[in-house]
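Reader: I'd like to go through this one piece by piece, starting with the charged pairs. Can you take my questions in turn?

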Amino acid sequence: LTLFILIVVFIGNLVNRARMRRAPSTDAYYTMPEVCAIVQQSNDIIENHSNTMNNTNTTFAVKTFDSEEKAREDPSVFMVAQCGECGACTNPHDVSIYDNTRNELFAATKKCAVRSLVWGRKTSGKCMDREVGFTPACNECWVDNIVCDLRYCFFVCAWNSLFMALRRSNGGSLNACTLCDEKRCGPAFIACAGANRRRTGITTDIDRDDETVCRAVDGEWWEIEKLREDWHVALPNRRNDDP
């Protein structure tokens with residue numbers, strides 16, 4: 001039985017890898033001209049940032065601009081939050097989690113993926129909420145990604161877990177499991193979440209091409225207390241609108 005399982009996983013691994021190799025690169029999602037900026041929502045636009053911090057009538061939200069230049073020209077823009085379009089995870093709470101768990105998030109997600117495999121999607125959602133603590137809408141993006149990985153990357157990830165180190169030793173390169181996740185499930189995740197670590201300029205122990213790590217971000221904006229306190233209502237859980 002063990003030999004049979006190994007053969008099935010091995011063949012599935014080969015199929016996953018072949019389809020992964022044919023999938024297009026995701027670099028375009030990190031080199032697009034659009035940026036997501038934090039905008040001030042108040043009766044009067046405040047040009048000076050220090051005055052904005054002292055204004056109790058100001059709240060903040062995010063808006064996608066065609067380019068960094070256009071965002072910088074808009075008087076309502078407070079800071080550039082990320083490269084690419086805004087999404088459910090573009091907020092101080094979730095990006096702060098990205099930053100604080102930059103080298104541990106993969107392990108937590110993997111743990112919840114295993115539970116999803118056994119107990120289903122709902123369990124993985126509860127697991128991610130407990131282990132990580134994203135906002136509800138952002139959490140849904142991550143659960144969707146887990147389900148996608150189980151569908152398209154299960155065998156390559158199982159094979160990698162059985163016979164490979166979590167990450168290869170050659171300078172932090174992506175292993176086959178994380179590369180499959182990036183190529184097969186990354187586009188849908190980016191469309192949902194908006195923000196991920198590379199798009200917010202957060203580096204990890206994985207080597208990345210400098211051109212794919214956002215440099216337009218205005219510092220660690222997610223640590224500014226005023227933004228955390230006065231952030232506009234989090235994006236609604238998109239599943240409420242599902243048919």
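Reader: Which residue does Asp 66 form a salt bridge with?
Author: Keep in mind that this is a predicted model. Asp 66 is exposed, since its relative accessible area is 52% and the cut-off for exposed is over 50%. Its closest N and O atoms to the partner are 3.6 Å apart, and with a limit of 4 Å for a salt bridge the pair counts; the partner is Lys 70.

Reader: And is Lys 70 buried, exposed or partly exposed?
Author: The relative accessible area of Lys 70 is 45%. Buried needs under 20% and exposed needs over 50%, so Lys 70 falls in between and counts as partly exposed.

Reader: Where in the fold is Asp 66 found?
Author: Strand E2 covers 59-65 and helix H4 covers 68-73. Asp 66 sits after the one and before the other, in the loop between E2 and H4.

Reader: How far apart in space are the C-alpha atoms of Asp 66 and Glu 34?
Author: Along the chain these two are 32 residues apart. In space, the separation of their C-alpha atoms comes to 4.5 Å.

Reader: What is the N to O distance in the salt bridge of Asp 99 and Arg 102?
Author: The two ends of this pair differ in cover: Asp 99 is buried at 10% relative accessible area, whereas Arg 102 is partly exposed at 26%. Their side chains meet in a salt bridge, and the N to O distance is 2.2 Å.

Reader: Which helices does the pair Arg 121 and Glu 140 link?
Author: Arg 121 and Glu 140 form a salt bridge, with the closest N and O atoms 2.8 Å apart. The pair ties together distant parts of the chain, 19 residues apart. Arg 121 belongs to residues 121-131 and Glu 140 to the other helix, so the names you want are H7 and H8.

Reader: Is Glu 140 buried or exposed?
Author: Its partner Arg 121 is partly exposed, at 30% relative accessibility. Glu 140 has 15%, and because the cut-off for buried is under 20%, Glu 140 counts as buried.

Reader: Which residues are joined into one network by salt bridges that share partners?
Author: Side chains of opposite charge can pair when their charged atoms come close. Here, shared partners join three residues into one network: Glu 68, Arg 72 and Asp 218.

Reader: How many salt bridges does the count come to?
Author: The pairs above include Asp 66 with Lys 70 and Arg 121 with Glu 140. By the 4 Å rule, the count comes to 10 salt bridges.

Reader: Okay, on to the empty space. How much of it lies in the largest pocket?
Author: Rolling a probe the size of a water molecule over the atoms shows where empty space is left. For the largest pocket, that space is about 1000 Å³.

Reader: Which residues are closest to the centre of the largest pocket?
Author: The lining of this pocket has 44 residues. The ones closest to the centre are Phe 106, Asn 145, Asp 149, Thr 178 and Asp 181.

Reader: Which helix gives the most to the lining?
Author: H2, H6, H8, H9 and H10 each supply at least two residues. The top contribution is eight residues, and it comes from H10.

Reader: How many residues of the lining are charged?
Author: The lining divides into three kinds of residue. There are 23 nonpolar and nine polar ones, and the charged ones number 12.

Reader: What about the outside: what is the area of the nonpolar surface patch with Phe 10?
Author: Phe 10 lies in helix H1, residues 2-22. At 38% relative accessibility it is partly exposed, and because patches take residues with over 30%, Phe 10 clears that bar. Together with Leu 3, Ile 7, Ile 11, Leu 14 and Val 15, Phe 10 makes a patch of about 540 Å².

Reader: How far apart in space are Arg 22 and Arg 184?
Author: Arg 22 is in helix H1 too, and it is exposed at 63% relative accessible area. In sequence the two arginines are 162 residues apart; C-alpha to C-alpha, the distance is 9.7 Å.

Reader: And what separates the C-alpha atoms of Gly 186 and Ser 25?
Author: Gly 186 lies in helix H10 and is buried, with a relative accessible area of 14%. Ser 25 is 161 residues away along the chain, yet the C-alpha separation is 9.8 Å.

Methods:
Residues are numbered from 1 along each chain as its sequence is written. This is a predicted model: local features need pLDDT of at least 70, side-chain atom pairs count only at pLDDT 80 or more; totals for chains, interfaces and linings use all residues. Side-chain values use heavy atoms; hydrogens and water are left out. On a 1 Å grid over the protein atoms alone, a cavity is a set of points where a 1.4 Å probe fits but cannot get out, and a pocket is an open set with protein on both sides within 12 Å along at least five of seven lines; lining residues have an atom within 4 Å of a point. Grid points are joined across faces, edges and corners, and a volume is the space filled by probe spheres set on the points. Helices (H or I, at least four residues) and strands (E, at least two) are DSSP runs, numbered from the N terminus. Ala, Val, Leu, Ile, Met, Phe, Trp, Tyr, Cys and Pro count as nonpolar, Asp, Glu, Lys and Arg as charged, and the others, Gly among them, as polar. Patches are made of residues with over 30% relative accessible area and no salt bridge: like charges are joined within 9 Å, nonpolar side chains (Val, Leu, Ile, Met, Phe, Trp, Tyr) within 5 Å. Accessible areas come from the Shrake-Rupley method with a 1.4 Å probe; for residues, only the protein chains shown count as cover. Buried means under 20% relative accessible area, exposed over 50%, partly exposed in between (1.4 Å probe, protein chains only).
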